[in-house]
Every structure is written in structure tokens, then in C-alpha cells.
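Here is a chain to be read closely, with each descriptive term set against the criterion that justifies it. The questions below ask what makes each label apply.

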Amino acid sequence: MTVAALAGLVGCGSSEPSDGPAPESRSSAVPAYVVAYRAGHTAGKAVYDSSGKGAAVREIVWGGCTRRALQAGSDAESDRGAWVRGCLHGVTNGPERLPTGPVIKRTPDAEMLERFRAWARAKGEAPHVDHARVLAVAQLTEYDYDVELSTDYSTGSEMPESESLARSFLEWWDGDHGRQGTARNVLVLGADGKRLTAQRI
């Protein structure tokens, strides 16, 4: 099937009947995880169109889609798990398979945070590590996850400190600490939940 035909099919699958509600009311009713999924699918399909079947190995096995989600803007931030799922479907030239609910799942891990803090204190790095309030594992796919460190930093004013915190975490991290799957990124979040910095694991 040609690229033009595939684009036509995707366009038809995502359109609404002509006698449906006005565009403004349609867009406001679309769940954030659906918006994220579709944005990811579009990005993944663009990678497939430019790189062919070989792109699937790079994006799936080596975590390409999970990395791309960090630079994908506000659509991905609403549900990075949905964005990654859409990207994975798109990069294999698969059709849209819209999620029926939020995809990303966050699980706090107080024990891992305490082990990180203990290591930092022993290294004399307690002052900035103590700003980390919660460590959560953000499951993106069945096997891939990010680590999110929620802090008391205010957004926009503590970038050097948040970057130092991320670097300390990477220095401490030496594997997946008994968890199944593969950690892809560490994100440092401000007190309002917005991302301050992100670094690849």
C-alpha cells in the first residue's frame, strides 16, 4: 500500500461525521491520553516513512520512542505512556489502536528514594538530594519506565540544582535495582509537578 493511501486511511479513521458537533466542541471532548497517543502515532509513522522497517528496532528495542516523548511537547506530557504507545504503533507502520484510558502508571517507591538519599549523604551531597520529596516509577510500556523525582523546587528558578540532582541520581544508579524492565530516563519535577530537567539513564 502506498504512503498516500496509508495517510488517507489514517485521516479517515480519525475524522468525525460531517453532521457531528462543531470542531471546537469535538476538540475539547477528546481525552488527553487520546491526543497524546495520536501525536505519538504521527511521530512514529514519520520515522517509519523516513527510515523504513529498520526504524522499528531502533525505536522499540533501544527505547527511541521513550526518548522522543521527552521532546514531544505538551501533548506527550499529558500522558507519556500513551504517546510512546502511539509512537511504537506508528513506527511499525501499524494502524491506530486508541487507548481506552490513561496509559502511564506511576508508583511511588519510598524505599528506593531512601537508598538514594543514604548514598548521597555518605557522599556529602545531602543538601540538594534532600529536596527530593517523592520518587515514582513511571511505567511507559510493559518493559520501559522512567524515574521521576518530585522536589520542592519552584519551576524555572532552580535549574542548576535540579540538574545536579539528576546527575547525582545517574551516578548512584547502577542497574534496575531489582525491578523488571528497563529504566530510560530520570526526570526532576518541581513543586507544581512540572518538569525541570530530564536526563537519559
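Q: Which residues does Trp 173 contact beyond its neighbours within four places in sequence?
A: In this predicted model, Trp 173 is in contact with Met 112, Tyr 145, Val 147, Ala 183 and Ile 201, once neighbours within four places in sequence are left aside. The term contact applies because heavy atoms lie within 4.5 Å.

Q: What makes the set of residues to which Trp 173 belongs a nonpolar core?
A: A set earns that name because its members are buried residues of the nonpolar kinds, cysteine included, joined through side-chain atoms within 4.5 Å. The largest such core has 21 residues, and those with the most contacts inside it are Phe 116, Leu 135, Leu 149, Leu 165, Phe 169 and Trp 173. Helix 8 (110-122), strand 2 (132-139), strand 3 (144-151), helix 10 (159-172) and strand 4 (182-189) each supply at least two residues of this core. Apart from it lies another core, of 12 residues, with Val 34, Ala 36, Cys 65 and Val 84 among them. In soluble globular proteins, nonpolar side chains tend to be buried together.

Q: How do you know that Cys 65 and Cys 87 form a disulfide?
A: The sulfur atoms of Cys 65 and Cys 87 are 2.1 Å apart, and the limit for a disulfide is 2.5 Å, so the pair qualifies. The structure holds one disulfide.

Q: Why is the disulfide of Cys 65 and Cys 87 called left-handed?
A: The torsion about its S-S bond is about -70°, and the disulfide is therefore left-handed. Because Cys 65 lies in helix 5 (residues 64-68) and Cys 87 in helix 7 (residues 80-91), the pair ties together parts that are 22 residues apart in sequence.

Q: Are Cys 65 and Cys 87 buried or exposed?
A: Buried means under 20% relative accessible area. Cys 65 has a relative accessible area of 1% and is therefore buried, while Cys 87, at 0% relative accessibility, also counts as buried.

Q: What makes helix 7 mostly covered?
A: Of its 12 residues, 10 are buried, namely Arg 80, Gly 81, Ala 82, Trp 83, Val 84, Gly 86, Cys 87, His 89, Gly 90 and Val 91. As for its length, helix 7 reaches 16 Å from its first C-alpha to its last, close to the 16 Å expected at 1.5 Å a residue.

Q: What caps the N-terminal end of helix 7?
A: Asp 79 does so, with a side-chain oxygen 3.1 Å from the backbone nitrogen of Gly 81, and the limit for a polar contact is 3.5 Å.

Q: What is the phi of Asn 93, just after helix 7, and why is this residue called partly exposed?
A: Asn 93 takes a positive phi of about 65°, in a residue other than glycine, and it lies in the loop between helix 7 and strand 1 (105-108). Its relative accessibility is 25%, and since partly exposed denotes the range between under 20% and over 50%, Asn 93 counts as partly exposed.

Q: How do you know that Asn 185 is buried, and which side chains does its side chain meet in polar contacts?
A: Asn 185 lies in strand 4, and its relative accessibility of 1% is why this residue counts as buried. Its side chain makes a polar contact with the side chain of Arg 67 at 3.4 Å and another with the side chain of Asp 146 at 2.9 Å. Among the residues that Asn 185 touches, not counting those up to four places away in sequence, are Thr 66, Leu 70, Tyr 145 and Gln 199.

Q: Why is Leu 187 called buried, and what does Leu 187 contact?
A: Leu 187 also lies in strand 4, and at 0% relative accessibility this residue counts as buried. Leaving aside neighbours within four places in sequence, its contacts include Leu 70, Arg 80, Val 147, Leu 149 and Thr 197. Leu 187 and Gln 199 are 12 residues apart in sequence and 6.6 Å apart in space, C-alpha to C-alpha.

Methods. Residues numbered from 1 in each chain as written. Predicted model: local features only at pLDDT ≥ 70, side-chain atom pairs only at ≥ 80, totals over all residues. Heavy atoms only, no water. Buried < 20%, exposed > 50% of the residue type's maximum accessible area, 1.4 Å probe, protein only. Helix = DSSP H or I, 4+ residues; strand = E, 2+ residues; numbered from the N terminus. Polar contact = N/O pair within 3.5 Å; in protein donor to acceptor, adjacent residues only side chain to side chain. Expected span 1.5 Å × (residues − 1).
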